[in-house]
Structures are given as structure tokens and as C-alpha cells.
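Visitor: Mind walking me through this model? I'd like the cut-offs along with the answers.

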Amino acid sequence: MDEEKRITLRLPADLHAWLATQAKSARRSLNSEIVYRLESERDAAAAGAESP
């Protein structure tokens, strides 16, 4: 990432708990887990857009 932006994000409590559990399992911070999932989804969407 060339530049980072800081945001405030409101999540439902159950989604937050699930993400925190996933992050712990992957030995990542909650922030890193969210970034990882967003980047994965972005990459998948880009790959889908490139397919005929």
C-alpha cells in the first residue's frame, strides 16, 4: 500500500466476533484480517471481470 487511510467502521457484534475469531485463527490482527478479506474479494472480482 502506498498510502493508508484511517476509517471508523461500525460492525454488528456477531460479525465483529466472527472476524476476531478468524483473525486469531490466522494469527492476524483484526485490522489485518479485514484488509486481507477485502483485498481477496477485490482480486477475485477483478479476475472475474477479466474472464470472458
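Guide: Sure, one definition to start: a charge sits over a ring if NZ of Lys or CZ of Arg is within 6 Å of the ring centre and within 35 degrees of the ring normal. This is a predicted model, where local features need pLDDT of at least 70 and side-chain atom pairs count only at pLDDT 80 or more, while totals for chains, interfaces and linings use all residues. Residues are numbered from 1 along each chain as its sequence is written, and side-chain values use heavy atoms, with hydrogens and water left out.

Visitor: Which residue has Arg-28 over its face?
Guide: The ring in question belongs to a residue in helix H2. That residue is partly exposed at 44% relative accessibility (buried is under 20% relative accessible area, exposed over 50%, partly exposed in between, with a 1.4 Å probe and protein chains only). Arg-28 lies 4.0 Å from the ring centre, over the face of Tyr-36.

Visitor: How many aromatic pairs does the structure hold?
Guide: Rings of Phe, Tyr and Trp (its six-membered ring) pair if their centres lie within 6.5 Å; planes under 30 degrees apart count as stacked, over 60 as edge-to-face and the rest as tilted. By that test, the number of aromatic pairs is zero.

Visitor: What does the secondary structure of the protein chain come to?
Guide: Helices (H or I, at least four residues) and strands (E, at least two) are DSSP runs, numbered from the N terminus. Here, H1 covers residues 13-25 and H2 covers residues 30-50. The tally is zero strands and two helices.

Visitor: What is the radius of gyration of the protein chain?
Guide: Take the C-alpha atoms; the globule rule is 2.2 Å times the number of residues to the power 0.38. For 52 residues the rule gives 10 Å, and the chain is well over that, so it is more spread out than a compact globule, with a radius of gyration of 13 Å.

Visitor: How far apart are the end C-alpha atoms of H1?
Guide: The expected span of a helix is 1.5 Å times one less than its number of residues. With 13 residues, H1 should span 18 Å, and the model agrees: its end C-alpha atoms are 18 Å apart.

Visitor: Which residue just after H1 takes a positive phi?
Guide: Look in the loop between H1 and H2. The residue there is exposed, with a relative accessible area of 80%. Its phi is near 55°, a positive value in a residue other than glycine, and the name is Arg-27.

Visitor: Is Glu-33 buried or exposed?
Guide: Glu-33 is in helix H2. Counting contact as heavy atoms within 4.5 Å, Glu-33 touches Leu-19, Gln-22, Ala-23, Ala-26 and Arg-28, leaving aside residues up to four places away in sequence. Of the 52 residues of the protein chain, 8% count as buried. With a relative accessible area of 1%, Glu-33 is buried.
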